[in-house]
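Biologist: Before I rely on any label attached to this model, I would like to hear the reasoning behind each one.
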Amino acid sequence: MYNKNAWEKYTAKEFDAVMEFSEGYKNYLTASKTEREMVISSVELAKKYGYKDIKEFKTLKTGDKVYATNKGKNFAAFIIGKKSIKEGLNILGAHIDSPRLDIKENPLYEDNNIAYLDTHYYGGIIKYQWVTRPMALHGVICKKDGTNVIVNIGEDENDPVFCISDLLVHLSQDKLTKTAAKAVEGEDLDLIIGGGITFKEDDKKTVKANILNILKQKYGTDEEDFVSAELEVVPAGKTRDLGLDRSMVLGYGQDDKVCSYTSLMALLDSSDLERTSSVYLVDKEEVGSIGATGAESKWYFNLVARMIAMQEGNYNELMLIDCLEKTFMLSSDVSAGYDPLYKGVFEAKNASYLGNGITFNKYTGARGKSGCNDAMPEYVAKIRKIMDDNNINYQTAELGRVDAGGGGTIAYIMGNYNMNVIDAGVPVLSMHAPQEITSKADIYEAYLGYKAFIKNIK
Ligand code: MN
Ligand code: MN
């Protein structure tokens, strides 16, 4: 069903299923604010559905359900189909990193009785949105002795939280004349981590020493351990229902964990597939998909090569080339939801509406589609048929009006292997803000759409 309100389609039973599905999503999102936490949650979920670590397998056969992880920041899962892996994969690929504030390597200082952690923002953010709200600290501190300390402070209701201050309105006469981009600058995003309580160290009492002492007591860490830490400052608190009708979800990190979760659940709830199907969760999308754990990494393709060898008992590079050329993929990523308060940046006929279902972006990009993955119309036609045959509510959209801005996804990177790829995901309001908005109907239609895709595309 193209461009129709999905809520009007549901029977009472389906309505309950939509609401129940979103409960699983909300719990998952609350528990998984960083890419490392996403990988841990995804492994736990996959195991519940009978998936096993690929390291436990020597050979692969039809029906096997396997998962693999990379450096704690990538996750992939597969159902081995009736056809050989060489015949191509059906992939749902999503990213599990979200915009946030990262702690610098030498972050801790004090100034006039207040202790701060200095941050460097990650991904595209509107900086003034990140001040004066409760923040949590998530991540890992890697010590020289080879042990890792897991940090998660600010989520339990008894935990303290952290905050970035902003100038009071009474003294903001000059500040309010600045452009929005300059009102709060990157170096202003320093996180308050402690107040006036001091601790004596080297005959001097300081607030900073007190914070270091608390960290030492709690984690056994020293100041230099920040050098090998990966600490992310994220909005504290649970994902919530939005609206009196509870039709929407409000939470941090829905770009792109809403598509990660729906893609993963689509695979986990599938079985008996013709073609080998996979979910691939990547890191680093928000900073260009680079590095060992981003979509540009060889990790996934090396994994598929190893899996071909495990299934065939032999391997040559042509088998992988054949596999990738016969592969179909949905780049499961969010769309810019049409915001009635900001109509001017959208073109209404080609926009993604909350409640109208899974959104396909044939292309994204900027200006003259620069940097886009432009999906083949032959491929779009196949997908339309699958969506209609399975009664999925779907819509199509561009990323705003022509020349209003732009952006990209992992689609073109996977397209480089000569596979068919198109962006498909959930519309989001306030994308990249500390709290993002989605519709439960779109979350459910994305899940159903992904499931129909891996079952039927060939
Ligand atoms: Mn995204
Ligand atoms: Mn994004």
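Modeller: Let us begin with the manganese ion (ligand 2) in this predicted model, whose donors follow the spacing D-x30-E-x145-H along the chain.

Biologist: What makes Asp 255, Glu 286 and His 432 donors of the manganese ion (ligand 2)?

Modeller: Donors are N, O and S atoms within 2.8 Å of the metal, and the atoms concerned, Asp 255 (OD), Glu 286 (OE) twice and His 432 (NE2), lie at 2.0 to 2.6 Å, so they qualify under that cut-off. Asp 255 belongs to helix 5 (residues 254-268), while His 432, 177 residues apart from Asp 255, sits in the loop between strand 23 (427-428) and strand 24 (436-439). Both Asp 255 and His 432 are buried.

Biologist: Which residue coordinates both the manganese ion (ligand 2) and the manganese ion (ligand 1)?

Modeller: That residue is Asp 255, and the two ions are 3.4 Å apart.

Biologist: Why is Asp 388 called partly exposed?

Modeller: Its relative accessible area is 40%, and because buried means under 20% and exposed over 50%, a value in between is called partly exposed. Asp 388 lies in helix 8 (residues 377-389) and, leaving aside neighbours within four places in sequence, is in contact with Met 1 and Tyr 394.

Biologist: How do you know that Leu 168 is partly exposed?

Modeller: The relative accessible area of Leu 168 is 40%, which therefore falls between the limits of 20% and 50%. Leu 168 lies in the loop between strand 8 (148-153) and helix 3 (180-183), and together with Leu 167 and Leu 171 forms a nonpolar surface patch with about 280 Å² of accessible area.

Conventions: Residues are numbered from 1 along each chain as its sequence is written. Chains are lettered from A and ligands numbered from 1 in the order in which they are written. This is a predicted model: local features need pLDDT of at least 70, side-chain atom pairs count only at pLDDT 80 or more; totals for chains, interfaces and linings use all residues. Side-chain values use heavy atoms; hydrogens and water are left out. Donors are N, O and S atoms within 2.8 Å of the metal (3.2 Å for Na, K and Ca); water is not among the atoms, so sites may look incomplete. Helices (H or I, at least four residues) and strands (E, at least two) are DSSP runs, numbered from the N terminus. Buried means under 20% relative accessible area, exposed over 50%, partly exposed in between (1.4 Å probe, protein chains only). Contact means heavy atoms within 4.5 Å. Patches are made of residues with over 30% relative accessible area and no salt bridge: like charges are joined within 9 Å, nonpolar side chains (Val, Leu, Ile, Met, Phe, Trp, Tyr) within 5 Å. Accessible areas come from the Shrake-Rupley method with a 1.4 Å probe; for residues, only the protein chains shown count as cover. A salt bridge is a side-chain nitrogen of Lys or Arg within 4 Å of a carboxyl oxygen of Asp or Glu.
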